[in-house]
Amino acid sequence: MAALAPILALLLGYLAGSFPTGYLAGRFFAGVDVRQVGSGRTGGTNVLRSAGRTAAIITIVGDTLKGILAVYASRLIWAAEPAPTFDLIISMAALGVVLGHNFSIFLGFKGGAGTMTGGGAMIALDPLILGFSCILPIIFTYITKMSSIGSLMFTGVALLVSLVLISVGARPVEVLVFFAGFCLISWYAHRPNIAKLRAGTERRIGEKAKA
């Protein structure tokens, strides 16, 4: 049974991440299907553009909580597992919640880009790495007013910080399952944004989205 624990944690995380917070917030507060507007994603940025501030706040809080709860639940369920199995379990749960958010089973395997959900998972997984990973993305997001730049930097910096800590023995190598996966998933989800950044057409935070 212990051998199945990482897979079960991945599935638990996936189901938690699949909860369609942004879609439901858009429907409830603005009567809008956010999948049909702007980027078509269900994250806070597109919800802000298409359904307004209240729906966006609910989305950001809800998406963050999904990540926190999935990892904490896995910590409680498999608390008796020894390292390194335990480290792998919680890393798989964190990875699963991002996968669920981006490829929700309730939305035809579509969703958001995973930034807030992954950040929530990091609160429960490794708040120190989260803290170091937020500084530059916040600065550059403030300067550029582009959430995509902040998201891409966030996952990239988190991966680099985790690699440094692993290399000096301060973190188990198992956490790389999450940080490498989170970075790859995020950059894959942001492919349209990267193309717009290169073309100089990326929208800034607060700009209204068109259907």
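These entries record what I looked up about one helix and two pockets in a predicted model.

**Helix α8**

I began with helix α8, which covers residues 147-167. I compared its length with expectation: at 1.5 Å a residue, its 21 residues should span 30 Å, and the C-alpha atoms at its ends are 30 Å apart, so the two values agree. I then checked how far the helix is covered, and found 16 of the 21 residues of α8 buried. Looking past the helix, I noted that G169 follows α8 and has a positive phi, near 80°.

**Largest pocket**

I next turned to the largest pocket, which holds about 850 Å³ of space. I recorded 37 lining residues, and those nearest the centre of this pocket are T45, T115, M116, S147 and S151. I asked which helices supply at least two residues of this lining. They are α3 (44-51), α4 (53-77), α6 (115-125), α7 (127-144), α8 and α10 (191-199). Sorted by class, the lining of the largest pocket comprises 13 nonpolar, 17 polar and seven charged residues.

**Second largest pocket**

I closed with the second largest pocket, for which I noted a volume of about 280 Å³. Its lining is made of 14 residues, and R41, N102, K110, G111 and G112 are the ones nearest its centre. I found that α9 (176-189) and α10 each contribute at least two residues to this lining. Thus α10 appears in my entries for the largest pocket and for the second largest pocket. By class, I counted five nonpolar, five polar and four charged residues in the lining of the second largest pocket.

Terms used:
Residues numbered from 1 in each chain as written. Predicted model: local features only at pLDDT ≥ 70, side-chain atom pairs only at ≥ 80, totals over all residues. Heavy atoms only, no water. Helix = DSSP H or I, 4+ residues; strand = E, 2+ residues; numbered from the N terminus. Expected span 1.5 Å × (residues − 1). Buried < 20%, exposed > 50% of the residue type's maximum accessible area, 1.4 Å probe, protein only. 1 Å grid on protein atoms, 1.4 Å probe; cavity = no way out; pocket = protein on both sides within 12 Å on 5 of 7 lines; lining within 4 Å. Points joined across faces, edges and corners; volume = space filled by probe spheres on them. Nonpolar A, V, L, I, M, F, W, Y, C, P; charged D, E, K, R; others polar.
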